[in-house]
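Hello,

Here is the structure I promised to pass on to you. Please have a look at it first; my notes on what turned up follow below.

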Amino acid sequence: MNDRADLTLGIDLGGTKMAFAHVDARGQIVRHMTMPRPATAAEMETVPVEVAHSLLNPGVRAIGIGAAGLVDAEAGVLVWGPNVEGREVRFREIFEAELGLPTVVDNDTNVSGLAETRVGAARGYRHVCMITLGTGIGGAWVIDGRPYRGRGFAGEVGHIPVDVGGPRCTCGQRGCWETFASGRRLDQMARDLAAARPGGLVAKLARGESPEGRHLTRAATEGDPDAIEALEEMAWWLGVGIAGLVAAVDPEIVVVGGGVSQVGDLFLEAARGSFWEALEGSDHREPTPIVCAALKEDAGVIGAGLHAWESLL
């Protein structure tokens, strides 16, 4: 690698892991690494900057950070997020003081949406909705080619209630969208299915361990009818939630990212069906494409790097 090449350092601080990458101006990854996300607030203030320091070279011009949680992008502060125990983390201040490079900070789904708009599945579109299916559901808007943040925290779509009598969410409300369509929900469905069908494919794939969503999605891709039925149930709820977002903002395209989306059309086709049924006036609208993210798990780290590039312009 040419250490003198112009690069940014993109950092994706997700719910359970963090990724670091050197990103060039075209959104290409030059070097990449992942590791578990720190488990405490104190470590969140020290470990990412230590890892970033080890990855600096003379070609790195700026740093971009995408963090899971509520982010004040203007101040560069993670206001609330996983593993920070109610403390603010002043990422921009910490990184600029320790590393001496300009640093920008945003929500992780916002930077994923930026990446998919610039170099991914939504390239060429100006009005984009990005949905990420991770532990919960994240949302982002790119409007007229620019991330939309509202007063700062736009995009927390996973906590829109879709069934007020539904199950309790981790946020304390009942019936949040992510209680029906998320990685957490998929894990629960895998456990339920393995318990109900101990001789089924999901249980066999788990090999005595606690079943997870990845076992269910693999079983579905291998044609297991019980796994397909479970996946289609979750996809139905995904489509209903997307219909609400499209009714509110009417984007040109909806991009779905995160681990579940990697199942592809097996999952999204069911979501497209319920979306079309739930969307008001669907017969009188231009069709809204619902597509899988092109950049997959790299969207966050690429988007963080591109956000840093655009901050230099």
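Strand 4 (residues 60-67) and strand 7 run parallel and are joined by 5 bridges. One pairing to pick out on your screen is Gly-64, whose bridge partner in strand 7 is Val-104. Do keep in mind as you read on that this is a predicted model.

These two strands belong to an open sheet of 5 strands, with mixed pairing and the order 3-2-1-4-7. At its edges are strand 3 (29-36) and strand 7 (103-107), each of which pairs on one side only. On average, neighbouring strands in this sheet are turned by 15 degrees against each other, direction ignored.

Several helices go with this sheet. Helix 1 (residues 41-55) lies across strand 1 (7-13), strand 2 (17-23), strand 3 and strand 4, and runs at about 30 degrees to strand 2. Helix 3 (residues 108-119) lies across strand 1, strand 4 and strand 7, with an angle of about 100 degrees to strand 7.

Then there is helix 9, which I enjoyed looking at. Its 13 residues reach 18 Å from the first C-alpha to the last, close to the 18 Å expected at 1.5 Å a residue. Of those 13 residues, 11 are buried, so helix 9 is largely enclosed by the rest of the structure. Among the buried ones are Val-301, Ile-302, Leu-306 and Trp-309. What do the buried residues of helix 9 pack against? They meet strand 1, strand 2, strand 3, strand 4, strand 7 and helix 3.

His-307 sits in helix 9 (residues 299-311). With a relative accessible area of 16%, His-307 falls under the 20% cut-off and therefore counts as buried. Leaving aside neighbours within four places in sequence, His-307 is in contact with Val-104, Val-105, Asp-106, Val-111, Leu-114 and Arg-149. Val-104 is the residue you met above as the bridge partner of Gly-64.

Now to the other sheet I looked at. This is an open sheet of 5 strands in the order 10-9-8-11-12, with mixed pairing. Strand 10 and strand 12 (290-292) each have a single partner strand, so one side of each is left without a neighbour in the sheet. Here neighbouring strands are turned by 30 degrees against each other on average, direction ignored. Strand 8 (residues 128-133) and strand 11 (residues 253-257) run parallel, with 5 bridges between them, and Val-128 stands opposite Ile-253 in strand 11.

Helix 7 (residues 225-249) packs on this sheet, touching strand 8, strand 9, strand 11 and strand 12, and its direction makes about 140 degrees with that of strand 11. Helix 8 (residues 265-278) packs on the sheet too, touching strand 8, strand 11 and strand 12, at about 165 degrees to the direction of strand 12.

Trp-141, in strand 9 (residues 137-143), is buried, with a relative accessible area of 10%. Not counting residues up to four places away in sequence, Trp-141 touches Val-128, Cys-129, Arg-146, Pro-147, Tyr-148, Leu-245 and Val-249.

Last, a loop residue: Thr-179 lies between strand 10 (146-148) and helix 4 (183-196). Is Thr-179 buried or exposed? At 14% relative accessibility, Thr-179 counts as buried. The side chain of Thr-179 reaches the backbone oxygen of Cys-176 at 2.6 Å. Beyond its neighbours within four places in sequence, Thr-179 is in contact with Pro-167, Arg-168, Cys-169 and Arg-185.

Best wishes

Conventions: Residues numbered from 1 in each chain as written. Predicted model: local features only at pLDDT ≥ 70, side-chain atom pairs only at ≥ 80, totals over all residues. Heavy atoms only, no water. Pairing = 2+ DSSP bridges. Helix = DSSP H or I, 4+ residues; strand = E, 2+ residues; numbered from the N terminus. Axes fitted to C-alpha atoms, helices over the stretch in contact; angles between N-to-C directions. Contact = heavy atoms within 4.5 Å. Buried < 20%, exposed > 50% of the residue type's maximum accessible area, 1.4 Å probe, protein only. Expected span 1.5 Å × (residues − 1). Polar contact = N/O pair within 3.5 Å; in protein donor to acceptor, adjacent residues only side chain to side chain.
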